[in-house]
Amino acid sequence: MAKLRAGVLISGRGSNMAALIEACRAPDFPAEIGLVLSNRADAAGVSIAQDAGVPTQVIPHSGWPSREHFDRAMSAALRDARVGLVCLAGFMRLFTPWFVAEWQDRIVNIHPSLLPSFKGLHPHRQALEAGVRLSGCTVHYVVDDTDAGPIIAQGAVPVQAGDDVESLSARVLAVEHQVYPLVLRWFGEGRVRLVRQPGVPDAVEVAGLPPGGTVLWRG
Ligand code: GRF
């Protein structure tokens, strides 16, 4: 069967992107990376992708007449690469409603908190300030609202005494690198379905998993 072609959008380090590339190297993995797209030429992830032999493209976000012009250029690059699923992995730009509508149900993001807690910037600092005992990451569908779409999978880690942003983010990142490839696998296997029912929030079903899905735990 044809593999799902994923496009990975990055702005920086690219460790989640690298985890996705690594997963796709297994011959039986049901997805491949068709394009790594960055808004920054100096993103470390761009050279990691190039070294791995993955097609890359840089589209700087500045110099466009409007944000939508930039988004349309991004979208055209993804279409040209025949991408079926867009994976945001540390992409630090907000999309216009046009882009979100264009890729509706075919775009996912990873956020380093157990959503809906601690959306937006500095989630680890927010988690430490709130005194939570568990944190983690969430892969969710992207909707026209920051860090707010239906949740596909989460990975949880303990918050330990004495944690600071650095130690907590490292622990969470390790589980991010497990959760994102798992979700890409599910998409490649055609197992992820968005269930829309009037009167209730949109929810995700993953074929083969009980309602509520699975939680990855990294102690
Ligand atoms: C990750 O923590 C991800 O959850 C968030 O941005 C960070 C990107 O890190 N959206 P990397 O570029 O994947 O290393």
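**A walk around the ligand and some unusual backbone spots**

Let's start at the ligand, where a nitrogen atom of the ligand has a backbone N or O atom of I110 lying 2.9 Å away. Keep in mind that this is a predicted model. Taken by itself, the ligand exposes 370 Å², and the protein buries 85% of that area.

The contact with I110 has company. G14 also uses its backbone here: one of its N or O atoms is 2.8 Å from an oxygen atom of the ligand. R13 joins in with its side chain instead, placing an N or O atom 2.5 Å from an oxygen atom of the ligand. These three count as polar contacts because each is a pair of N or O atoms within 3.5 Å.

Now look at the whole ring of neighbours. Around the ligand you'll find R13, G14, S15, N16, G90, I110, H111, P112 and E176. Sorted by class, that shell has 5 polar residues, 2 nonpolar ones and 2 charged ones. If you're wondering why a glycine doesn't sit with the nonpolar group, it's because Gly is counted as polar here.

Which elements each supply at least two residues of that shell? They are the helix α1, covering 15-24, and the strand β5, covering 107-111. As for the space the ligand takes, it is the largest pocket.

From β5 we can follow the chain in either direction. Going forward, there's a loop between β5 and α5, the helix at 123-130, and P116 is found in it. The peptide bond leading from L115 into P116 is cis, with omega near 10 degrees.

That loop between β5 and α5 holds H122 too. What's notable about its backbone is phi: in H122 it is near 55 degrees, a positive value in a residue other than glycine. Is H122 buried, exposed or something in between? H122 has a relative accessible area of 43%, so it is partly exposed.

Going the other way from β5, you come to the loop between α4 (97-102) and β5, which is where D105 is found. D105 isn't a glycine either, yet its phi is positive, near 70 degrees. With a relative accessible area of 30%, D105 is partly exposed. The label fits because partly exposed covers the range between buried, under 20%, and exposed, over 50%.

So, to retrace the route: we began at the ligand, with I110 in its shell, then took the loop with the cis bond from L115 to P116, and ended at D105 in the loop between α4 and β5.

Terms used: Residues numbered from 1 in each chain as written. Predicted model: local features only at pLDDT ≥ 70, side-chain atom pairs only at ≥ 80, totals over all residues. Heavy atoms only, no water. Near = heavy atom within 4 Å. Polar contact = N/O pair within 3.5 Å; in protein donor to acceptor, adjacent residues only side chain to side chain. Areas by Shrake-Rupley, 256 points an atom, 1.4 Å probe, with all protein chains shown as cover. 1 Å grid on protein atoms, 1.4 Å probe; cavity = no way out; pocket = protein on both sides within 12 Å on 5 of 7 lines; lining within 4 Å. Sits in = over half its atoms within 2 Å of the grid points. Helix = DSSP H or I, 4+ residues; strand = E, 2+ residues; numbered from the N terminus. Buried < 20%, exposed > 50% of the residue type's maximum accessible area, 1.4 Å probe, protein only.
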